Amino acid sequence: MLSNQAADPGKRKSLHGHWSSRMAFILAVTGSAVGLGNIWKFPYVAGQNGGGAFVLVYLACVAIIGLPVMMSEILLGRRGRRNPIATMGLLGAEEGKSENWKVVGAMGVMAGVLILSFYAVIGGWTLAYVFKSASGAFTGASAAEIAAISNRFTGSWMSLGLYHTIFMGLSIFVVARGVERGLEQAVRFMVPALLFLMIVLLAYSINSGYFGQGLEFMFSPDWSKLTWDTVLAAMGQAFFTLSIGMGAVMAYGAYLPEETSISGSSAAVAIADTSIATLAGLVIFPLVFANGLNPGEGPGLVFATLPMAFGQMTGGVIFGTLFFVLLTFAAWTSAISLMEPAVAWIVERFNHTRAQAAMLIGGLIWAAGFGTVLSFNVLADFKFWRGTIFDNLDHLSINIMLPLGGLLIVVFAGWVMCRNSSADELGGAGTIYRLWRVLARFVAPIGILFVFLKAVGLLPDLS
Ligand code: PHE
């Protein structure tokens, strides 16, 4: 019997090594969580969905759905110690239920591939802006000039495709080397540095004269703007930003030492992640209003607002370049985790090396990425269902597959798994455990289902 299949879950070992410490794990999960979701996506979906009400629903989803799902995912990962597909199958069988739970893992692997196919394109866009900032292209530029730079860039499938290719190359490179090496160091430096730059930007936006307006847009809810589709988007954003519902955190949990506290680590990650997203909003919305831009303008929002701030501040070339470098790093450490479930699966299932698996999966994602590249130019008018190819990938993976994956994960951890097994991983049956269990068994699953059913119109309104 292989050691990683040991009957005693406490004795199982991952085939891919383990994190060197509790801090290394927290950094890795934070590296996965903090990314384009916080700085690129959060402000623009909040803007498209009317601000305040969306933001409050999102925060509530992080606390009462996101946290229990994250804890469930890590506990399943650590107990199974294998790739998410094998872990779900193994635990399903071990709990005396079906091995078919591995379908949840498979759906996660698929969601990771779909998400990274567009995530890498935006990561490439970020990378391109490192060079644009450094060249001084934004210095003193007007809103119209900055919009023109952005349109010229996304309008050319070759430019967008080139940077997408570089970004995917970088991701494949790190995944091929193994998760621990390099990644740990990158995150240790990146998260604090990113936080520092966000604070510099915050000072700038406070001085813009429109801070109050930005604050109001973000936090004063206009409930009339809230539809069930908006609530679904807020819930999807909570899953996306925390990297949950697709097995990334489960894969990382598989490399977690036995004694580390799962609840403490999850809370630390959720707090860091939410703070960075909130800061991003506080920086971006005042700039939107100060420059007469539209908060609902969509995926180009960060690329329209921040360069303007950098273009006007002293030292803007340096700060701007540094900011886009850090954002590229943040995207990079997330991209790696989007690939990890698929790569770990290929390595374990087909006995390939990590390098082979990373190239195989990465190559597939790279090719699929051209669907998104073309959505911004050649195929911009090719629309169905939710809009362009990019819009559909985004909605399907983030708003549907992640919450569905999260639903099945909490149902498994809360209902299928026996109490002893989950208490064993969560450090005994104390208050935190009881709270987790109520959230995982009732609040999270009912909440997710309710939002789904409402959004597709299957539940009638009571009023
Ligand atoms: N959480 C990452 C971000 O906010 C994206 C991500 C989603 C990473 C799912 C891994 C898994 O950018």
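This note covers the ligand site, the cavities and the two largest pockets of a predicted model.

1. Start with where the ligand sits. Its place is the largest cavity. Taken alone, the ligand exposes 320 Å², by calculation, and the protein buries 100% of that. A cavity here is a space where a 1.4 Å probe fits but cannot get out.

2. Next, the residues around the ligand. There are 15 of them. A33, G37, Y119, F240 and S243 come nearest. By class, the shell holds seven nonpolar and eight polar residues. Charged residues are absent from the shell.

3. Polar contacts to the ligand come from backbone atoms in these three cases. At A33, a backbone N or O atom lies 2.9 Å from an oxygen atom of the ligand. At L36, a backbone N or O atom is 3.0 Å from an oxygen atom of the ligand. At T241, a polar backbone atom is 3.1 Å from a nitrogen atom of the ligand.

4. Which helices supply at least two residues each to the shell around the ligand? They are α1 (22-33), α2 (36-48), α10 (228-241) and α14 (316-350). Look for these four when you trace the site.

5. Now the cavity itself. A search of the whole structure finds three cavities of 30 Å³ or more. The largest has a volume of about 120 Å³. Its lining has 16 residues. S32, Y119, F240, S243 and L338 lie nearest the centre of this cavity. Y119, F240 and S243 are also among the residues that come nearest the ligand.

6. The elements behind the cavity lining are α1, α5 (102-134), α10 and α14, each with two or more residues. α14 gives the most, with three residues. By class, the lining has nine nonpolar and seven polar residues, with no charged ones. The shell around the ligand likewise has no charged residues.

7. Turn to the largest pocket. Its volume is about 740 Å³. The lining is made of 35 residues. Y44, Q48, G298, P299 and D391 lie nearest the centre of the pocket. The elements that give two or more residues to this lining are α2, α6 (143-155), α10, α13 (301-312) and α16 (389-416). Of these, α2 and α10 also supply residues to the shell around the ligand.

8. What classes of residue line the largest pocket? The lining divides into 15 nonpolar, 14 polar and six charged residues. The lining of the largest cavity, by contrast, has no charged residues.

9. The second largest pocket has a volume of about 230 Å³. It is lined by 13 residues. R82, I85, A86, E99 and K102 lie nearest the centre of this pocket. The elements giving two or more residues to the lining are α4 (84-94) and α14. α4 gives the most, with five residues.

10. By class, the second largest pocket has a lining of five nonpolar, three polar and five charged residues. One helix is worth following across sites. α14 supplies at least two residues to the shell around the ligand. α14 also gives three residues to the lining of the largest cavity, and two or more to the lining of the second largest pocket.

Key
Residues are numbered from 1 along each chain as its sequence is written. This is a predicted model: local features need pLDDT of at least 70, side-chain atom pairs count only at pLDDT 80 or more; totals for chains, interfaces and linings use all residues. Side-chain values use heavy atoms; hydrogens and water are left out. A residue is near a molecule or strand if one of its heavy atoms lies within 4 Å of it. A polar contact is a pair of N or O atoms within 3.5 Å; within protein, one must be able to donate a hydrogen and the other to accept it, and residues adjacent in sequence count only if both atoms are side-chain atoms. Accessible areas come from the Shrake-Rupley method with a 1.4 Å probe; for residues, only the protein chains shown count as cover. On a 1 Å grid over the protein atoms alone, a cavity is a set of points where a 1.4 Å probe fits but cannot get out, and a pocket is an open set with protein on both sides within 12 Å along at least five of seven lines; lining residues have an atom within 4 Å of a point. A molecule sits in a cavity or pocket if more than half of its atoms lie within 2 Å of its grid points. Ala, Val, Leu, Ile, Met, Phe, Trp, Tyr, Cys and Pro count as nonpolar, Asp, Glu, Lys and Arg as charged, and the others, Gly among them, as polar. Grid points are joined across faces, edges and corners, and a volume is the space filled by probe spheres set on the points.
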